[in-house]
Amino acid sequence: MQQHHLVLGGARSGKSGYAEAQAEALGPVRRYVATAEAGDDEMTARIAAHRARRGAGWQTVETPLDICAQIRAGGADAVLLDCLTLWLSNLMHRGRDIEAETEALIAALPNAPAPVLMVSNEVGMGLVPENALARAFRDAQGRLNARVAAAVPRVSFVAAGLPLVLKGG
Amino acid sequence: MQQHHLVLGGARSGKSGYAEAQAEALGPVRRYVATAEAGDDEMTARIAAHRARRGAGWQTVETPLDICAQIRAGGADAVLLDCLTLWLSNLMHRGRDIEAETEALIAALPNAPAPVLMVSNEVGMGLVPENALARAFRDAQGRLNARVAAAVPRVSFVAAGLPLVLKGG
Amino acid sequence: MQQHHLVLGGARSGKSGYAEAQAEALGPVRRYVATAEAGDDEMTARIAAHRARRGAGWQTVETPLDICAQIRAGGADAVLLDCLTLWLSNLMHRGRDIEAETEALIAALPNAPAPVLMVSNEVGMGLVPENALARAFRDAQGRLNARVAAAVPRVSFVAAGLPLVLKGG
């Protein structure tokens with residue numbers, strides 16, 4: 001299997017920047033798969049800031065749901081999925097079957113033509129949310145992270161822009 | 001002292017699964033000490049899911065408060081306390097003296113006949129809660145984790161099902 | 001440059017106690033730079049508890065904003081800034097330019113006459129806050145932590161009173 005890599009971290013932990021640097025070390029042609037949807041001004045500004053930071057050498061594909069097609073597609077030295085948290089949120093918002101979508105993601109990885117870096121949020125280290133939907137999201141995110149972590153050879157945990165190795169050195 | 005082990009992690013971090021695997025490596029007779037109280041449907045479902053995952057080779061004891069008696073009891077190769085967070089919540093809910101209860105827990109550990117694995121939540125890595133009771137709980141959880149961590153030879157921090165060693169290798 | 005050290009952790013993670021122990025190993029004269037403002041009873045009690053724990057061998061300076069002057073001042077074997085999170089909160093509350101203040105902090109470090117230990121909170125590992133101001137604070141804290149982490153030779157992540165090395169061993 002390719003050296004797929006899950007990059008976990010909190011909000012503003014520097015996880016995307018770390019994943020970008022890892023992708024840039026893999027070759028000159030990088031595909032950035034953005035799952036964010038520019039639904040409001042705040043998110044539009046975040047997307048623009050991410051895009052400006054990446055600069056040249058990156059193709060950008062925006063897809064809120066169909067990340068498996070991007071994992072299977074060729075033509076790049078590395079694929080960066082940013083991020084599984086927004087993908088999960090997009091799926092839940094549309095009432096999709098999270099278990100089936102997770103299985104499809106896991107199944108796509110062994111046949112990927114290039115290494116896939118997946119950025120995901122750690123969201124379970126605060127207090128229990130009072131809102132039931134928030135608890136459900138937190139649980140789903142935790143399960144998704146553990147499922148993907150078990151399926152890839154490398155997992156990093158980023159804080160303040162610096163990685164700790166959880167798996168694979 | 002026995003190789004007692006504190007397993008920290010966020011919600012849905014895989015900390016219970018990791019602790020169960022550690023306990024299963026210690027011998028065929030495992031006691032699971034559940035501090036959860038099945039107060040509503042959501043918690044009842046969580047307890048059932050945990051129980052189904054463990055399968056054979058586990059005795060289950062449900063006790064919201066008296067974990068010290070379970071630490072002192074013999075007859076198992078390993079004892080898994082899941083979790084200190086619900087135990088703390090149960091104590092606070094009843095107005096118990098947290099300092100005295102913590103002292104009793106720490107004092108019970110050196111004489112335990114079998115290794116005790118203790119699962120606990122990391123709850124302090126979000127923003128400051130607006131609610132004073134939530135802040136008090138967060139503070140008490142942080143202090144409890146540090147007290148227990150200082151008293152045992154092994155401490156792990158689990159994210160996405162994968163452990164980082166905080167103490168004891 | 002001096003062996004400046006950023007100490008990250010959640011609330012009640014034991015990060016201040018760890019940083020104090022590190023400072024005490026550097027020499028007998030320690031300066032504690034407190035950025036907390038005793039605005040209410042809860043904060044007043046926290047400040048008193050921190051002060052009681054430190055004991056002898058510490059000078060205490062209270063300054064909500066001007067930490068750079070304390071970094072540049074001589075006369076101590078170690079300077080402990082506790083904490084960047086309250087400093088950031090104080091700056092935002094007064095409408096200061098966070099980018100300029102961060103630059104000034106980074107610029108002060110290379111000329112410091114003594115090692116500076118900086119305590120800061122990890123606040124981004126919970127769910128997305130519903131409140132826009134809370135999101136802005138969380139983002140600013142994450143950026144500040146990453147900026148300082150990049151500028152100093154040592155960074156630790158503390159949980160349950162125990163450090164993980166993020167940078168510098």
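A residue counts as buried when under 20% of its relative accessible area remains, with a 1.4 Å probe and protein chains only. By that test, both B:Tyr32 and B:Trp58 are buried. The model described here is predicted. Its chains are related by a three-fold axis, and a search of the whole structure finds six aromatic pairs over all chains.

**Symmetry**

- A turn of 120 degrees, with a shift of 0.0 Å along the axis, lays chain B on chain A at an RMSD of 0.0 Å. That is how a three-fold axis relates copies.
- In chain B, the residue closest to the rotation axis is B:Gly126, with its C-alpha at 2.7 Å.
- Chain A can also be superposed on chain C by a rotation of 120 degrees with 0.0 Å of shift along its axis, and the RMSD is 0.0 Å.
- For this rotation, A:Gly126 has the C-alpha nearest the axis in chain A, 2.7 Å from it.

**Aromatic pairs between chains**

- Six aromatic pairs are found over all chains.
- One pair is formed by A:Phe157 and B:Phe157. Their ring centres are 6.1 Å apart, and their planes make 75 degrees, an edge-to-face arrangement.
- This pair joins two chains, because A:Phe157 lies in strand 6 (residues 154-159) of chain A and B:Phe157 in strand 6 (residues 154-159) of chain B.
- Both A:Phe157 and B:Phe157 are buried.
- One aromatic cluster is formed by A:Phe157, B:Phe157 and C:Phe157.

**Rings within a chain**

- B:Tyr32 and B:Trp58 form an edge-to-face pair, because their ring centres are 6.1 Å apart and their planes are at 80 degrees. The cut-off for edge-to-face is over 60 degrees.
- The pair links distant parts of the chain. B:Tyr32 is in strand 2 (residues 30-34) of chain B, while B:Trp58 is in strand 3 (residues 58-62) of chain B, 26 residues apart.
- In chain A, the ring of A:Tyr32 has the charged end of A:Arg54 over it, 3.3 Å from the ring centre.
- In chain C, C:Arg54 lies over the face of C:Tyr32, and the distance to the ring centre is 3.3 Å.

**Where chain A meets chain C**

- On the chain A side, 21 residues are in contact with 20 residues of chain C.
- About 1,600 Å² of area is buried between chain A and chain C, and carbon and sulfur atoms give 67% of it.
- Three residues, A:Arg12, A:Ala160 and A:Leu162, supply 34% of the area that chain A buries against chain C. No other three residues supply more.
- There is one salt bridge between chain A and chain C. Here the side chains of A:Arg12 and C:Asp139 meet, at 3.5 Å from N to O.

**Helix 4 of chain C**

- Helix 4 (residues 84-93) of chain C has these buried residues: C:Leu84, C:Thr85, C:Trp87, C:Leu88, C:Asn90 and C:Leu91.
- An α-helix has 3.6 residues a turn, so residues three or four places apart point the same way.
- The buried residues of helix 4 pack against several elements of chain C, including strand 1 (5-9), strand 4 (78-82) and helix 6 (132-151).
- Just after helix 4 of chain C comes C:Gly95, which takes a positive phi of about 70 degrees.

Definitions and conventions
Residues numbered from 1 in each chain as written. Chains lettered and ligands numbered in written order. Heavy atoms only, no water. Phe/Tyr/Trp six-rings, centres within 6.5 Å; stacked < 30°, edge-to-face > 60°. Helix = DSSP H or I, 4+ residues; strand = E, 2+ residues; numbered from the N terminus. Buried < 20%, exposed > 50% of the residue type's maximum accessible area, 1.4 Å probe, protein only. Lys NZ or Arg CZ within 6 Å of the ring centre and 35° of its normal. Least-squares fit on C-alpha atoms with pLDDT ≥ 70 in both. Contact = heavy atoms within 4.5 Å. Buried area = accessible area lost by both parts, 1.4 Å probe. Salt bridge = Lys/Arg side-chain N within 4 Å of Asp/Glu carboxyl O.
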